[in-house]
Amino acid sequence: VSGRDQDPGVAAAALAAGAVDQVGEDPEADLVVVATPLGATTAVVRQVLATRPNPDLVVTDVAGVKAGVAHAVDDPRFVGGHPMAGSEQLGVAGADPTLFEGATWVLTPTARTDPEAFARVRAVVTSLGAEVVALEPARHDALVAVVSHVPHLTAATLMNLAATRAEEQAALLRLAAGGFRDMTRVAAGEPTIWPDVCLANRAAIVDTLDLLLDALRGLRDQVAEGDRAALLETLERAASARRALPVRGQAPRTLAEVRVPVPDRPGVLAEITTLAGSLGLNVWDVEIAHSAEGSRGVLVLVVDAQGVGGLLEALRRAGYRPSWQELA
């Protein structure tokens, strides 16, 4: 594993930590991971693809907003990605060999994505212990606005409010208990990455902020009016939803193999894998079996058997003729 960074000190720290085996670029690399700030991602991905004509090369990225990069990079060797893991620790200091175990790693294939490139990136990601969810780039951006971007902005706002009040009330931050610290933990993350994220995903973030503001106004009215019943209903609904969140890293009890005869054309893999992702179904393995004759093949997916019925129904509605079997 080789790597480079604009800051020689960061590169040296990565080498010392064992994150890379050597500093620099390997022109023979099979896989290139672009882990730059979002504002530089598109240019770096394009540069890598343009300077390395190797048809077996695969390039992926880790940017938190996908639609812009996917639209700007029209190369079948590129597979957009976003690991949903991390901490408030900055840079190499936050390196952890178990960081991705049980985490969700979103891949965003498009109609141009080479199925073999997708399969290779997926294999590397799962080897790190992550679970892959495939989503359309724009769908990814709409969802992360709700679960990542707006929560970060909310935490930052609440932290700033507390800090301002602390200037007037010296004891305030000393009263900050576990709940406050947990809720605002992400506000300690690297601030410089967030302006790019907010600009790149502004439409989805603004829509989500508007929904949050409406909900807060409703909650404010419940408190102001002393509406005990409405408050209790709001809090109970939130508590129930929070308890129902999927357990991180929970493996399914049974798996099913779904075989989908497909035309051998661009876009099929993206269509089927993002369909599974939109249903909230993890794809635990994927294989592309090309036909030796003709223009058809078979896409083989291994999924949670509990959700296979919904996937089969959705595939049939989309015009496919899938078959399946439970795996022992």
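Which residue in β10 stands opposite Val286? To find out, select Val286 and look across to the neighbouring strand: the residue facing Val286 is Leu301 in β10. The coordinates on display are a predicted model, and the tour below proceeds from this pair outward.

**First stop: the four-stranded sheet**

Extend the selection from Val286 and Leu301 to their strands. β10 covers residues 296–304 and is joined to β9 by seven bridges, the two strands running antiparallel. Next, add β8 and β11 to the display. The four strands form an open sheet whose order is β9-β10-β8-β11, with antiparallel pairing. At its edges lie β9, residues 283–290, and β11, residues 323–327, each of which pairs on one side only. Viewed along the sheet, the twist from one strand to the next averages 20°.

Now select residues 268–278, which make up helix α10. This helix lies across three strands of the sheet, namely β8 (255–263), β9 and β10. Relative to β8, α10 runs at about 150°.

**Second stop: the five-stranded sheet**

Move to the other sheet by selecting β3 through β7. These five strands form an open sheet in the order β3-β4-β5-β6-β7, and here the pairing is mixed. The edge positions belong to β3 (31–34) and β7, each pairing on one side only. The twist in this sheet averages 30° from one strand to the next.

Within this sheet, isolate β6, residues 104–108, together with β7. Four bridges join the two strands, which run parallel. One position to label is Val106, whose bridge partner in β7 is Val133.

**Third stop: two enclosed cavities**

How many cavities of 30 Å³ or more does the count give? The count comes to two.

For the largest cavity, select Ala70, Val73, Asp74, Asp75, Phe78, Gly80, Thr108, Thr110, Arg112 and Thr113, which form its lining. The space inside amounts to about 60 Å³. By class, the lining of this largest cavity divides into three nonpolar, four polar and three charged residues.

For the second largest cavity, select Phe118, Arg122, Val132, Ala134, Thr273 and Val283. This cavity holds about 30 Å³ of space. Two elements, α4 (115–127) and β7 (131–134), each supply at least two residues of its lining. Its lining residues divide into four nonpolar, one polar and one charged.

**Fourth stop: the crossing of α5 and α8**

Hide the sheets and display residues 137–168, helix α5, with residues 202–224, helix α8. Their axes come within 9 Å and cross at roughly 65°. Is this crossing left-handed or right-handed? The crossing of α5 and α8 is right-handed.

To inspect the contact, show the side chains on both helices. From α5, select Asp141, Ala142, Ala145, Val146, His149, Val150, Leu153 and Thr154; these meet Ala204, Ile205, Thr208, Leu209 and Leu212 in α8. Coloured by class, the contact residues comprise nine nonpolar, three polar and one charged.

**Final stop: the second largest pocket**

Keep α5 and α8 on display and add Met183 to the selection. Which residues lie nearest the centre of the second largest pocket? They are Val150, Thr154, Met183, Leu212 and Leu216, out of 16 lining residues. Val150 and Thr154 of α5, and Leu212 of α8, are also among the residues through which the two helices meet.

The space in this second largest pocket is about 410 Å³. Both α5 and α8 supply at least two residues of the lining, and the largest share, nine residues, comes from α5. To complete the tour, colour the pocket lining by class: 13 residues are nonpolar and three are polar, while no charged residues are present.

Definitions and conventions: Residues are numbered from 1 along each chain as its sequence is written. This is a predicted model: local features need pLDDT of at least 70, side-chain atom pairs count only at pLDDT 80 or more; totals for chains, interfaces and linings use all residues. Side-chain values use heavy atoms; hydrogens and water are left out. Two strands pair if DSSP finds at least two bridges between them. Axes are lines fitted to C-alpha atoms, for helices over the stretch in contact, and angles run from 0 to 180 degrees between N-to-C directions. Contact means heavy atoms within 4.5 Å. A crossing is left-handed if the near helix is turned anticlockwise from the far one by less than a right angle, and right-handed if clockwise. Ala, Val, Leu, Ile, Met, Phe, Trp, Tyr, Cys and Pro count as nonpolar, Asp, Glu, Lys and Arg as charged, and the others, Gly among them, as polar. On a 1 Å grid over the protein atoms alone, a cavity is a set of points where a 1.4 Å probe fits but cannot get out, and a pocket is an open set with protein on both sides within 12 Å along at least five of seven lines; lining residues have an atom within 4 Å of a point. Grid points are joined across faces, edges and corners, and a volume is the space filled by probe spheres set on the points.
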